[in-house]
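User: Hi, I have just opened this one and could use a guided walk through it. Could you take me through it step by step?

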Amino acid sequence: MKMVWTAVLAAALAGCAVGPNFAPPEAPAMADAERPYTQAPLPARTASAPGVGGAAQRFAIGDDIPAQWWELFRSEPLDRLVRTALTRSPTLASAQAALRQAQENYNADAGQRLLPSLNGQLGATRQRLSAVQGAVPGRSNIYSTYNA
């Protein structure tokens, strides 16, 4: 009984640990609402690197991105990959059909999982032992085994 009261008291004290006058901390102040994540403004161009595709790039802040953005890379393998993904992706109707199928599979199996079940099994076997295995002299070496 003493342990129960100790646990109740510990739970009550843990609920008051923050205190009745708790106030969440203030959000950090932004230096500039236009650049909430950086201290300094973004450069107009990126750094360049030697090699193919290493030219400096410019940031297009505020520009619209086309719906088929991958075509901007002028890469036939990427374009082919995206076109294949779009043509083979499931439609909303097929996704809903798969969901209905899963629901019906669940409903068909629900009785086995939601209701109690009982099963039983009976078995009988006959077994013959050799004389070496311990047959009692004068008695039969045939035994019956019953299982329930």
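Analyst: Let us begin with a term that will be needed later: a salt bridge is a side-chain nitrogen of Lys or Arg within 4 Å of a carboxyl oxygen of Asp or Glu. Please also keep in mind that this is a predicted model.

User: Okay, so how many salt bridges does a search of the whole structure find?

Analyst: The search finds 3 salt bridges. One of them joins the side chains of Glu-76 and Arg-83, with N and O 3.1 Å apart.

User: And what does Glu-76 do with Arg-80?

Analyst: Glu-76 also forms a salt bridge with Arg-80, where the closest N and O atoms are 3.6 Å apart. These two residues are separated by about one helical turn, because they are 4 residues apart in helix H2.

User: Which residue does Arg-83 bridge to at 3.0 Å?

Analyst: That partner is Asp-79, the closest N and O atoms of the salt bridge being 3.0 Å apart. Here too the separation is about one helical turn, since Arg-83 and Asp-79 are 4 residues apart in helix H2. Taken together, Glu-76, Asp-79, Arg-80 and Arg-83 are linked in a network of salt bridges.

User: Why would side chains like that pair up?

Analyst: In general, side chains of opposite charge can pair when their charged atoms come close.

User: Is Asp-79 buried or exposed?

Analyst: Asp-79 has a relative accessible area of 15%, so it counts as buried, the cut-off for that class being under 20%. As for the other members of the network, Glu-76 is partly exposed with a relative accessible area of 44%, Arg-80 is partly exposed with a value of 44% as well, and Arg-83 is partly exposed at 41%.

User: What does Asp-79 touch, leaving out residues up to four places away in sequence?

Analyst: With those residues set aside, Asp-79, which sits in helix H2 (residues 76-88), touches Trp-70 and Glu-71. With Trp-70 there is also a polar contact, made between the two side chains at 2.9 Å.

User: Trp-70 sounds interesting. Buried or exposed?

Analyst: Trp-70 counts as buried, because its relative accessibility is 9%.

User: Switching to the rings, how many aromatic pairs are there?

Analyst: The count comes to 2 aromatic pairs. In one of them, the rings of Trp-69 and Trp-70 have centres 5.8 Å apart and planes at 85°, so this pair is edge-to-face. The other brings together Trp-69 and Phe-73, an edge-to-face pair with 6.3 Å from centre to centre and 90° between the planes. Trp-69, Trp-70 and Phe-73 thus belong to one aromatic cluster.

User: How accessible are Trp-69 and Phe-73?

Analyst: Trp-69 is partly exposed, as its relative accessible area is 43%, whereas Phe-73, at 56% relative accessibility, counts as exposed.

User: Now zoom out for me. What pattern does the chain follow along the sequence?

Analyst: Read along the sequence, the pattern is α-α-α-β-β, which matches a chain with 3 helices and 2 strands.

User: How do strands S1 and S2 run, and how many bridges join them?

Analyst: S1 and S2 (residues 142-147) run antiparallel and are joined by 6 bridges. As an example of the pairing, Gln-127 has Tyr-143 in S2 as its bridge partner.

User: How many residues of S1 are buried?

Analyst: The number buried is 0 of the 6 residues in strand S1 (residues 123-128), so this strand lies largely in the open.

User: What about the whole chain, how much of it counts as buried?

Analyst: Of the 148 residues in the chain, 4% count as buried. The accessible surface comes to about 14,100 Å², and carbon and sulfur atoms account for 61% of that area.

User: Last one: which share of contacts joins residues at least 24 apart?

Analyst: Among contacts between residues at least 6 apart in sequence, 9% join residues at least 24 apart.

Terms used:
Residues numbered from 1 in each chain as written. Predicted model: local features only at pLDDT ≥ 70, side-chain atom pairs only at ≥ 80, totals over all residues. Heavy atoms only, no water. Buried < 20%, exposed > 50% of the residue type's maximum accessible area, 1.4 Å probe, protein only. Contact = heavy atoms within 4.5 Å. Areas by Shrake-Rupley, 256 points an atom, 1.4 Å probe, with all protein chains shown as cover. Polar contact = N/O pair within 3.5 Å; in protein donor to acceptor, adjacent residues only side chain to side chain. Pairing = 2+ DSSP bridges. Phe/Tyr/Trp six-rings, centres within 6.5 Å; stacked < 30°, edge-to-face > 60°.
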